[in-house]
Amino acid sequence: MHKLLVKLSSSSSSFSSNPLRHSKNQRFILPLLPSSITSNPFTASGSPPRPSIPANRFISRFGYPCSADLFRKSPTLCSNSTTFGVIWSSRCISSEAGRESIEYDVLIVGAGPAGLSAAIRLKQLCQQNNIDLSVCVVEKGAEVGAHIISGNVFEPLALDELLPHWRQQQAPIEIPASSDKFWFLTKDRAISLPSPFDNKGNYVISLSQLVRWLGGKAEELGTEIYPGFSASEVLYDASDKVVGIATRDMGISKDGSKKENFQPGVDIKGRVTLFAEGCRGSLSEKIIKKYKLREEVNAQHQTYALGIKEVWEIDESKHNPGEVVHTLGWPLDPKTYGGSFLYHMNDRQIALGLVVALNYKNPFLNPYEEFQKLKHHPAIKRVLEGGTVLQYGARTLNEGGFQSIPYPVFPGGAIIGCSAGFLNVPKIKGTHTAMKSGMLAAEAAFGALHEGLNMNTYWDNLRDSWVWKELYAARNYRPAFEYGLLPGLAVSAMEHYVLKGKVPFTLKHGKADHEATDLARKCTPIEYPKPDGVLSFDVPTSLYRSNTNHDHDQPSHLRLKDPKIPEKLNFPEYAAPESRYCPARVYEYVEDEEGKPKLQINAQNCLHCKACDIKDPKQNIEWTVPEGGGGPAYSLM
């Protein structure tokens, strides 16, 4: 299948009515079939003729001029007083009340491992059964992989099932894990412990690079992927069934007025919609609450951690490709769950990160500063010295595991990947389980559309899969640490080495993360050293390395449900915790005209980590999507 790559630009009048368009240059992909129309009436002045546009993919509202040649295949017209569109196969593009509306068989929200695995599996099933289902993936990042970050030792189990020949297809999976080390850190020492990890057969990778490769595979099979478009709203029909999503309007200024480059959002509809937004997906959370999906299966609340990561290029003499190191202990206190990782990648690169559970109690704790301290530990410092930071980023991750998985099926679709929460905490791995969940949901969607089956088969097949068995066996590891570091280690060691997950009970999680924060008067302030600019850095320096960018003149995507709470409660009672748990300095208190503290939100700094949506003590901050294409631009993470 050939492809036409068209650059869409705000200055290009020929594409002014294109509904899938970013205000900045944006890649637009049209699959071209060998049997497409041979005549080509669409040429740009001074440029070579474009490849012919097939009738089953041409829509006049995309900005191309109409031609009688385009109707040779007798399309079905879809029209009424407010709608005009042309339907070929199962996709319809129309215009309703000034907004474009596009219909697909399957819509996938999020181009991460789960979403792309679902798209690939769907298209594989179409090929095997000689039918055509239209599949669309929308992604808020400027390109596929731009928002993907993970400290990743990759287990290829799901990929082996999805694309068995990936080893012969130049997948960016090259460095096998060569050793496992597990350290308990004190301030000055690294004490070696027996490693509970078994990474034989796994690989040290960049997940953002793997996702780009998966995106290419999905496109080769006929999936339409649209990066740079934020899914801001769930669409429902009259019976309360999910029928798709609406993307955010582009070109709205901070004061709410329309700028010259204003573009209305698009309604993208699917007969089945799969949400693969990643951890704490904004629309996924709304659906979980609306349909009471946790209550459906008596699932506990989700628990989270914040992961902060850097990729360094180090001296070749210190580089051991495939070496995997995990730590517990310092710099975190014994009551705070978390640990660090150091993975040796290829090209003299290492991935270094710190994961801090967000149920920590002390509001003075600053995860970013704890990470800066970590880099000065003698065992870490000697690896980094003489090296260079290449990239920085942060993201929350699910740690609730088996107990916190909601019922993933709702009227009109399903929730997959980390939006549902399939991370295996003791393994510190969730990519393989996320991918498998996407594959299982794709199979259920195919059965629902092609065979008239029920989407509930996703839930049934999930519980019969190796994902369920794996998470069930690991279910008591994370809640064991509610009792502190040493009790947690004792219980988890018993679980791992002796009982192997077969105990007849399931431990419960403690308080929700936002409820766990103590009042400031009960806690001791923490003094952090100033960064040295060599191993440790201030936030602006790190932000520069994340390539984070947003249009400054747009409404803030970080909304306060009650604008009075920060000054009246968070600042005096909790000592302004949002100024610390955010790893991008989005939230800071400044003095107003009267010299009183006032919360200032620097939304342009946002890394899309979602920590604020999770950790705010009164759940007053709501994370919503900014304009598409904003946020970090990761390439190595």
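**A mixed open sheet and selected local features**

In the predicted model, helix H6 (residues 367–374) lies across five strands: E10, E19 (304–313), E21 (338–344), E22 (349–357) and E23. The helix runs at about 135° to E22.

These strands belong to an open sheet of seven. The order is E11-E10-E20-E21-E22-E19-E23, and the pairing is mixed. Strand E11 (190–193) stands at one edge and strand E23 (388–398) at the other. Each has a single partner strand, so one side of each is left without a neighbour in the sheet. On average, neighbouring strands of the sheet are turned by 20° against each other, direction ignored.

At the E11 edge, the partner is strand E10 (residues 179–185). E10 and E11 pair in the antiparallel sense. Four bridges join the two strands. In one of these pairings, Leu185 has Ala190 of E11 as its bridge partner.

Within the sheet order, E20 is followed by E21. The loop between strand E20 (323–329) and E21 holds Pro331. The peptide bond from Trp330 to Pro331 is cis. Its omega is near 10°.

Backbone features also occur in another loop, between helix H14 (565–574) and helix H15 (578–581). Ala575 is found in this loop, as is Ala576. Ala575 is not a glycine, yet its phi is positive, at about 60°. Ala576 likewise has a positive phi, near 60°, in a residue other than glycine. Ala575 has a relative accessibility of 17% and therefore counts as buried, the limit being under 20%. Ala576 is buried as well, with a relative accessible area of 5%.

A further feature is on the surface. Met494, Tyr497, Val498 and Leu499 make a nonpolar patch there. The area of the patch is about 370 Å². Leu499 is placed in helix H12 (residues 485–499). With a relative accessibility of 33%, Leu499 counts as partly exposed, because this value falls between the 20% limit for buried and the 50% limit for exposed.

Note on methods. Residues are numbered from 1 along each chain as its sequence is written. This is a predicted model: local features need pLDDT of at least 70, side-chain atom pairs count only at pLDDT 80 or more; totals for chains, interfaces and linings use all residues. Side-chain values use heavy atoms; hydrogens and water are left out. Two strands pair if DSSP finds at least two bridges between them. Axes are lines fitted to C-alpha atoms, for helices over the stretch in contact, and angles run from 0 to 180 degrees between N-to-C directions. Contact means heavy atoms within 4.5 Å. Buried means under 20% relative accessible area, exposed over 50%, partly exposed in between (1.4 Å probe, protein chains only). Patches are made of residues with over 30% relative accessible area and no salt bridge: like charges are joined within 9 Å, nonpolar side chains (Val, Leu, Ile, Met, Phe, Trp, Tyr) within 5 Å. Accessible areas come from the Shrake-Rupley method with a 1.4 Å probe; for residues, only the protein chains shown count as cover. A salt bridge is a side-chain nitrogen of Lys or Arg within 4 Å of a carboxyl oxygen of Asp or Glu.
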